[in-house]
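Let's take a walk through a protein model together. Have a look at the picture first, and then we'll go through it piece by piece.

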Amino acid sequence: MAPNKADTVCEEPEITLSDISEREQKIFETVKTEKLKWFFFREEWTIRWEVVALHTFLYAVTIYGLLTYPYFQRYTTLLWAYFVYTYSMFGVTGGIHRYWSHKCFKARLPLRLLLAFCYISANQVPFRSWIQIHRVHHKFTDTDADPHNSRRGFFYCHVGWLMIKRPKEVVEKFKKLDMTDIDADGVVRFCDRHFTVLRIIALYLSIAVPVYCWNESWYYSSLAQFMRYVISLNTTFTVNSFAHMFGYKPYDKNILPAENRFVVYATHGEGWHNYHHTFPYDYRSSEIGGSKFDLTATLIRFFERIGWAYDLKQPSDSLVEKTVLNRGDGTLLKSLMN
């Protein structure tokens with residue numbers, strides 16, 4: 001006797017133990033992936049163990065230095081280290097970031113050379129690499145094509161992204177990015193061609209000044225600069241991590257970048273990050289009227305006064321105000337009303 005057609009349609013397939021275990025396995029993998037997003041390991045990523053080893057060494061020596069350095073006896077050397085921190089950070093914030101990456105202002109040759117020296121003193125990556133990474137970050141912020149996508153967790157966007165081989169989505173965007181303006185920049189071409197030698201010279205100068213000027217030992221002068229380097233490296237990283245995960249959003253509540261005062265003071269002005277991602281071409285990178293702490297913008301205005309910087313870009317106050325009203329989270333309006 002033929003089976004009833006209706007019974008055949010309504011009949012559910014038999015679920016076997018192997019089917020159940022396969023489903024459970026998928027659930028387990030999903031949960032595992034979510035838990036691991038605060039780290040940086042994924043099966044499809046290739047870990048760069050040499051970078052992991054380098055950062056482990058950097059942090060170990062820095063912790064040792066912080067615990068053993070004779071601060072009061074050698075405060076002059078520490079003050080010098082902070083001065084180097086300040087001008088090298090200006091090379092990052094005012095030079096490689098606001099000038100070369102965003103073209104927020106124009107600079108004459110003396111300022112371009114000064115910015116180049118300051119950036120080289122920060123001892124990060126070659127000019128073209130930094131600019132390429134940052135421009136892709138802005139075009140594809142917090143997506144899989146973002147080199148330090150904050151949606152992958154705090155550790156990943158702070159430092160973990162450096163410890164893996166670049167994801168294919170990032171590599172594809174790198175290939176399509178227009179870098180002709182940077183390739184035509186003579187200062188950048190020269191610095192990148194001799195980058196290793198130049199940063200060794202800059203590092204030697206930062207260590208040698210205390211030794212020859214006030215008879216500091218090579219050991220303590222080197223240790224102070226080593227700590228300065230690792231701290232400045234991590235304050236730069238905070239812009240990608242803290243300022244993308246913690247803070248308020250007075251200009252655009254629909255994006256992850258936020259205003260973070262800790263990052264502001266650590267980086268001398270880069271923590272007004274919700275504003276920066278809303279108006280990336282503004283030389284100030286800070287809030288309305290540049291009234292908030294932004295040492296980098298203050299220095300740029302100084303160089304404008306002496307004629308080394310010109311054509312400083314910024315949006316109109318009316319555009320900023322409209323943006324605050326239409327897209328902000330209301331925190332700026334509340335602060336103005338109080």
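Is the crossing of α5 and α10 left-handed or right-handed? It turns out to be right-handed. Keep in mind that you're looking at a predicted model.

**Two helices side by side**

Let's stay with that pair for a moment. The axes of α5 and α10 come within 10 Å, and they cross at roughly 30 degrees. An angle under 35 degrees counts as roughly parallel, so α5 and α10 are roughly parallel to each other. Who actually meets whom here? From α5 you get L109, R112, L113, A116 and I120, and they meet G186, V187 and C191 in α10.

**The chain as a whole**

Now zoom out. The protein chain is made of 18 helices and two strands. It has 338 residues, and 46% of them count as buried. Take the contacts in the chain with a separation of 6 or more: 70% of these are between residues 24 or more positions apart.

**What the UniProt record adds**

The unreviewed UniProt entry marks "transmembrane region" at residues 51-72, 78-100, 196-214 and 226-246. What do such spans look like in the model? For residues 51-72, the end C-alpha atoms lie 34 Å apart, and the span is 82% helix with 0% strand. For residues 226-246, the end C-alpha atoms are 29 Å apart, with 90% helix and 0% strand.

**The nonpolar core**

Which residues touch the most other members of the largest nonpolar core? They are W100, F105 and F127, in a core of 41 residues. Several helices chip in: α4 (75-101), α5 (109-122), α6 (127-139), α8 (168-176), α10 (186-193), α11 (195-214) and α16 (295-305) each supply at least two residues. The top contributor is α4, which gives seven residues to this core.

There's also another core lying apart from that one. It has nine residues, among them V51, V52, M163 and L233.

Back to W100, since it has plenty of company. If you skip its neighbours within four places in sequence, W100 is in contact with G95, R112, L115, A116, F127, I131, R135, I182, D185, V187 and V188. Some of those names may ring a bell: R112 and A116 of α5, along with V187 of α10, also take part in the meeting of those two helices.

**A second helix pair**

Next up are α4 and α6. Their axes come within 10 Å too, but cross at roughly 65 degrees. Angles of 65 to 115 degrees count as roughly perpendicular, and that makes α4 roughly perpendicular to α6. Here the residues in contact are V92, I96, H97, W100 and S101 from α4, with F127, W130, I131, H134 and R135 from α6. As for handedness, α4 passes α6 in a right-handed crossing.

**Some single residues**

Finally, let's pick out a few individuals and compare how much of each one is accessible.

| Residue | Relative accessible area | Status |
|---|---|---|
| G271 | 0% | buried |
| K103 | 26% | partly exposed |
| D311 | 44% | partly exposed |
| L79 | 56% | exposed |

Where does G271 sit? You'll find G271 in the loop between α14 (261-267) and α15 (273-278). Leaving out residues up to four places away in sequence, G271 touches A258, E259, N260, V263 and V264. G271 and D294 are 23 residues apart in sequence, and their C-alpha atoms are 9.0 Å apart in space.

K103 and D311 are worth a look for their backbone. K103 isn't a glycine, although it has a positive phi of about 55 degrees. This residue is placed in the loop between α4 and β1 (106-107). D311 isn't a glycine either, and has a positive phi of about 55 degrees. Look for D311 in the loop between β2 (309-310) and α17 (317-327).

That leaves L79, which lies in helix α4. With a relative accessible area of 56%, L79 is exposed. Along the chain, L79 and A224 are 145 residues apart, while 9.7 Å separates their C-alpha atoms.

Key: Residues are numbered from 1 along each chain as its sequence is written. This is a predicted model: local features need pLDDT of at least 70, side-chain atom pairs count only at pLDDT 80 or more; totals for chains, interfaces and linings use all residues. Side-chain values use heavy atoms; hydrogens and water are left out. UniProt positions are given in the numbering used here, feature names are shortened, and annotations may be inferred rather than shown by experiment. Helices (H or I, at least four residues) and strands (E, at least two) are DSSP runs, numbered from the N terminus. A nonpolar core is a set of buried Ala, Val, Leu, Ile, Met, Phe, Trp, Tyr and Cys residues joined through side-chain atoms within 4.5 Å. Buried means under 20% relative accessible area, exposed over 50%, partly exposed in between (1.4 Å probe, protein chains only). Contact means heavy atoms within 4.5 Å. Axes are lines fitted to C-alpha atoms, for helices over the stretch in contact, and angles run from 0 to 180 degrees between N-to-C directions. Angles under 35 degrees count as roughly parallel, over 145 as roughly antiparallel, 65 to 115 as roughly perpendicular and the rest as oblique. A crossing is left-handed if the near helix is turned anticlockwise from the far one by less than a right angle, and right-handed if clockwise.
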